[in-house]
Amino acid sequence: MTRPAPETLEREQGKLWVSDAEMIRRLGVPEKIARAALRMLERDSKSGFPRKQKLWGDRRYWPAIVAYFDHHYGQPGSGDKAAGQARPLGRKWAIR
């Protein structure tokens, strides 16, 4: 994946609905790893990861993506634990 111009990146920052390519750039994960993880999350219907919405051009809602990761990794304010008592939630993924 090629890197967009700085002005394009600045314009994208305020978007609520993002393509997978935009999401991967924002997450800062190598594309190959991110695409493999997305396939795994999409196969598991109970993962809770935000699905693409046809109405919005097969894009995902960015605030829901952030909330998913905050909840999954037990960040304070994610609704599960009080601040200071957070612990990681969910599965432990093995990288091979």
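Begin with the whole protein chain in a cartoon view, where you will find 4 helices and 2 strands; bear in mind throughout the tour that this is a predicted model. If you then trace the protein chain from the N terminus on, the elements come in the order α-β-α-α-β-α.

Next, keep the protein chain selected and switch to a surface view. About 7,200 Å² of the protein chain is exposed, and carbon and sulfur atoms supply 55% of that area. Of the 96 residues in the protein chain, 22% are buried. Should you display contacts as well, those between residues 24 or more positions apart account for 31% of the contacts in the protein chain with a separation of 6 or more.

Now select residues 20-27, which form helix H2, together with residues 62-72, which form helix H4, and hide the rest; these two helices pack with their axes 12 Å apart and at an angle of about 45°. Because that angle lies outside the ranges counted as roughly parallel, roughly antiparallel or roughly perpendicular, H2 is described as oblique to H4. The crossing of H2 and H4 is right-handed.

Finally, show side chains where the two helices meet. On the H2 side, select Met-23, Arg-26 and Leu-27, and on the H4 side select Trp-62, Ile-65 and Phe-69, since these residues make the contact. Colouring the selection by residue class shows 5 nonpolar residues, no polar residues and 1 charged residue in the contact of H2 with H4.

Terms used:
Residues are numbered from 1 along each chain as its sequence is written. This is a predicted model: local features need pLDDT of at least 70, side-chain atom pairs count only at pLDDT 80 or more; totals for chains, interfaces and linings use all residues. Side-chain values use heavy atoms; hydrogens and water are left out. Buried means under 20% relative accessible area, exposed over 50%, partly exposed in between (1.4 Å probe, protein chains only). Contact means heavy atoms within 4.5 Å. Accessible areas come from the Shrake-Rupley method with a 1.4 Å probe; for residues, only the protein chains shown count as cover. Axes are lines fitted to C-alpha atoms, for helices over the stretch in contact, and angles run from 0 to 180 degrees between N-to-C directions. Angles under 35 degrees count as roughly parallel, over 145 as roughly antiparallel, 65 to 115 as roughly perpendicular and the rest as oblique. A crossing is left-handed if the near helix is turned anticlockwise from the far one by less than a right angle, and right-handed if clockwise. Ala, Val, Leu, Ile, Met, Phe, Trp, Tyr, Cys and Pro count as nonpolar, Asp, Glu, Lys and Arg as charged, and the others, Gly among them, as polar.
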